[in-house]
Amino acid sequence: MKVFILLTAIVVTLNLGLATWDIQAGDPGTLPPNELGQIMILEYHLIGYPEGRWCRTPENFRKDLELLYENGYYPIPLQDLLSGEIKAPVGKTPFVITFDDSSAGQFRYLKKGDRLEIDPQSGVGVMEQFKKEHPDFPVTATFYVLPGTGKSRLFGQEEYIQEKLNFLAQNGYEIGNHSYGHENLGKVDDTAVQKQLALAVQAIQKYLPGYQVRSFALPFGVHPKNRMLAREGEYQGFKYRHNSVMLVGSGPVPSPYSAEFNPYQLERIQAGDTPWGPKSVVERYRKNPSLRFVSDGDPLKITVSQELQGKLSRNLSRKFQVVVSNNKSN
Ligand SMILES: [Zn+2]
């Protein structure tokens, strides 16, 4: 009797599993899993007016999210990309959002009577609203902040720094290192590089004690002469260590399961209506879907096509189950 119930349970589970797969894989426009495809890491700077090389209007930022939503993309945290545990539903293409320089337009509070409201026209405001309207699209981002002095110091409103950093840390956003004062790290000595990076972490931890700053975006996209110092270093006994280093441009990154994936050399897609912007990449992937990472829906399973399997990095099988599919990826 017990065996019978157990078997029934297994059969039912299997059936449910298959049914879900069929429904989702059968959706018009969904693609077969291709987990060795490319992934976009979007890069924003100012959110405000007018639209320009380093500025995206809130309306256009929202349009970017709509474009991605409507074309089967799915926002994931940078740290999930790095760990390879990608929690995108089957058939979706994960992407990552990043912001550099912590200007006020990225995250602004407005005072309404005696309470604070996130400005709906700021980057965080746009994302929070979009998330509310699209519960199946968990928008999140990594903010590479500048804690040094100046008008971009931690989103520009001195009186609300604590609230903002609390909000980010408590609502699934990530706070990353962009150096203390946006120094060109290629032009200074090793001590100055380590000082810039260590002071930034210390300043963030002053507001968020114990917060682990794990990712670093190179100011101006320039490496320090000693590249190892972008990953880890020490200043006056204070140690920092990053698990990823972001460049400024200018293309998608390989799959985290690919032997070509280098977390210390991650290219990004600068947002804007340019030939290298997200819209152009979405269009390129529409014409050539085999370029694009498509999730199998299981964070611990890696589904790859036979023809690409040689690109897999080694040692994946310790953590993941690798499945080679006969699907042509387009
Ligand atoms: Zn910058």
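How does the radius of gyration of the protein, with its 330 residues, agree with that of a compact globule? For a chain of this length the globule would come out near 20 Å, and the protein has 21 Å, so the two agree.

**Figure 1. The whole chain, as a predicted model.**
Here's the overall picture before we zoom in. The C-alpha trace spans about 65 × 50 × 50 Å along its principal axes. There are eight helices and 16 strands to keep track of. Of the 330 residues, 39% count as buried. Looking at contacts with a separation of 6 or more, 64% are between residues 24 or more positions apart.

**Figure 2. Two domains, and a stretch to treat with care.**
The protein splits into domain 1 (1–30) and domain 2 (34–325). Measure between their centres over C-alpha atoms and you get 36 Å. Confidence averages a pLDDT of 91 over the protein, and 90% of the residues score at least 70. Residues 1–28 are another story: their pLDDT is below 50, and the stretch has eight contacts in the model beyond near neighbours in sequence.

**Figure 3. Strands β8 and β9, with helix α5 in between.**
Zooming in on β8 (residues 142–145) and β9 (residues 174–177), we find the two strands running parallel and joined by four bridges. One pair to pick out is Y144 with its bridge partner G176 in β9. To get from β8 to β9 the chain goes through helix α5 (residues 161–170), and this β-α-β crossover is right-handed. Strand β9 is covered on both faces: E174 and G176 are buried on one side, I175 and N177 on the other.

**Figure 4. Helix α4 and what its buried residues pack against.**
Helix α4 covers residues 123–133, and its buried residues are G123, V124, G125, V126 and M127. Those residues pack against a mix of elements: strands β1 (40–44), β2 (46–47), β5 (93–100) and β7 (115–118), plus helix α2 (58–70). Just off to the side is P120, in the loop between β7 and α4. P120 has 13 other C-beta atoms within 10 Å, so it is partly exposed. Skipping neighbours within four places in sequence, P120 is in contact with G125 and Q129. For scale, P120 and G172 are 52 residues apart along the chain, with 18 Å between their C-alpha atoms.

**Figure 5. Q196 in helix α6.**
Q196 is part of helix α6 (residues 190–207). Is Q196 buried or exposed? It counts as buried, because it has 24 C-beta neighbours inside 10 Å. Its contacts, leaving aside neighbours within four places in sequence, are S179, Y180, G181, E183 and L185. If you'd like a far-off reference point, try P32: from Q196 it is 164 residues away in sequence and 45 Å away in space, C-alpha to C-alpha.

**Figure 6. Strand β13 with β10 and β14.**
Strand β13 (residues 244–250) pairs with β10 (residues 215–217) in the parallel sense, over three bridges. In that pairing, A217 sits opposite M246 in β13. Strand β14 (residues 266–270) also runs parallel to β13, with two bridges joining them. Here S250 stands opposite R268 in β14. S250 deserves a second look too: a cis peptide bond joins it to G249, with omega about -25 degrees.

**Figure 7. Backbone oddities worth a click.**
Most residues other than glycine have a negative phi, and most peptide bonds are trans. A few spots in this model go the other way. Y49 and P50 are joined by a cis peptide bond, with omega about -10 degrees. P50 is in the loop between β2 and β3 (55–56). S102 is not a glycine, yet its phi is positive, about 45 degrees. You'll find S102 in the loop between β5 and β6 (109–112), and with 22 other C-beta atoms within 10 Å it is buried. F220, also not a glycine, has a positive phi of about 60 degrees. F220 lies in the loop between β10 and α7 (228–231). Its 13 C-beta neighbours inside 10 Å make F220 partly exposed.

Technical notes. Residues numbered from 1 in each chain as written. Predicted model: local features only at pLDDT ≥ 70, side-chain atom pairs only at ≥ 80, totals over all residues. Domains from an automatic or database assignment. Pairing = 2+ DSSP bridges. pLDDT = per-residue confidence, 0-100. Contact = placed C-beta atoms within 7 Å. Buried ≥ 20, exposed ≤ 12 C-beta atoms within 10 Å, placed from the backbone. Rg over C-alpha atoms; globule rule 2.2 N^0.38 Å. Right-handed = clockwise from strand over helix to strand, strands pointing away.
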